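Got your viewer open? Load the model, switch to cartoon view, and keep the selection box handy.

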Amino acid sequence: MEQTSFALPVTERQLSYARALALKNRVLLPWEVQQDRRSLSHWIDTQARLAPVDDGRPSSKQVAFAERLARIKRRAVPDECFRDRQLLSRWIDCNK
């Protein structure tokens with residue numbers, strides 16, 4: 001008896017997770033992949049292994065160092081510096 005391969009439809013949960021990964025990794029979720037459960041599963045496995053795209057926010061170590069400097073200098077770190085790595089880096093350089 002010959003075994004034929006049928007495309008199983010994707011589950012809503014699988015599709016939701018794939019969309020979240022696509023947003024996190026800033027990639028498009030191909031239409032073809034969304035048509036077959038196995039293809040989508042393979043795409044998810046590949047995307048889940050990727051490192052997230054750098055969003056430009058400062059690292060936790062950078063924030064901790066800036067806060068330590070701010071305490072020593074008795075001044076506040078501007079709020080916008082916590083949203084941008086380069087701004088925080090410049091603030092640190094100016095307040096060493």
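Here is a tour that starts with the whole chain and then stops at a few selections.

**Before you click**

You're looking at a predicted model, where local features need pLDDT of at least 70 and side-chain atom pairs count only at pLDDT 80 or more, while totals for chains, interfaces and linings use all residues. Numbering starts from 1 along each chain as its sequence is written, and side-chain values use heavy atoms, with hydrogens and water left out.

**Stop 1: the whole chain**

Colour by secondary structure and you'll get 4 helices and 0 strands; these are DSSP runs numbered from the N terminus, with H or I of at least four residues for a helix and E of at least two for a strand. Reading from the N terminus, the order is α-α-α-α.

Now zoom out. Along the principal axes, the C-alpha atoms fill a box of roughly 80 × 20 × 20 Å. The radius of gyration is 22 Å, whereas a compact globule of 96 residues would come in near 12 Å (taken over C-alpha atoms; the globule rule is 2.2 Å times the number of residues to the power 0.38).

Turn on the surface: about 7,600 Å² is accessible, and 53% of that belongs to carbon and sulfur atoms (Shrake-Rupley method, 1.4 Å probe; for residues, only the protein chains shown count as cover). Of the 96 residues, 27% count as buried; buried means under 20% relative accessible area, exposed over 50%, and partly exposed in between (1.4 Å probe, protein chains only).

**Stop 2: Q14**

Select Q14, which sits in helix α1. Is Q14 buried or exposed? At 13% relative accessibility, Q14 is buried. Leaving aside neighbours within four places in sequence, Q14 touches R37, L40, S41 and I44, a contact being heavy atoms within 4.5 Å. Next, draw a distance from Q14 to R90: they are 76 residues apart in sequence, and their C-alpha atoms are 42 Å apart.

**Stop 3: R26**

Move on to R26, in the loop between α1 (12-25) and α2 (37-49). Phi of R26 is positive, near 55°, and R26 is not a glycine. With a relative accessible area of 56%, R26 is exposed.

**Stop 4: helix α3**

Select residues 60-73. The 14 residues of α3 should span 20 Å at 1.5 Å a residue, and the end C-alpha atoms are indeed 20 Å apart (the expected span is 1.5 Å times one less than the number of residues).

Show side chains for the buried set: Q62, V63, A66, L69 and A70. Look down the axis of α3 and these buried residues fall within an arc of 125°, so they line one face of the helix; the arc is that of the directions from the helix axis to the C-beta atoms. They pack against α4 (85-94). Spin α3 around, and the face turned away from the buried side carries the exposed residues S60, K61, R71 and I72.

**Stop 5: R74**

Just after α3 comes R74, in the loop between α3 and α4. R74 is another non-glycine with a positive phi, about 55°. R74 is exposed, at a relative accessible area of 79%.

**Stop 6: a charged pair**

Side chains of opposite charge can pair when their charged atoms come close. How many salt bridges does a search of the whole structure find? It finds 1, counting a side-chain nitrogen of Lys or Arg within 4 Å of a carboxyl oxygen of Asp or Glu. Select D93 and K96: their closest N and O atoms are 4.0 Å apart. Both D93 and K96 are exposed.
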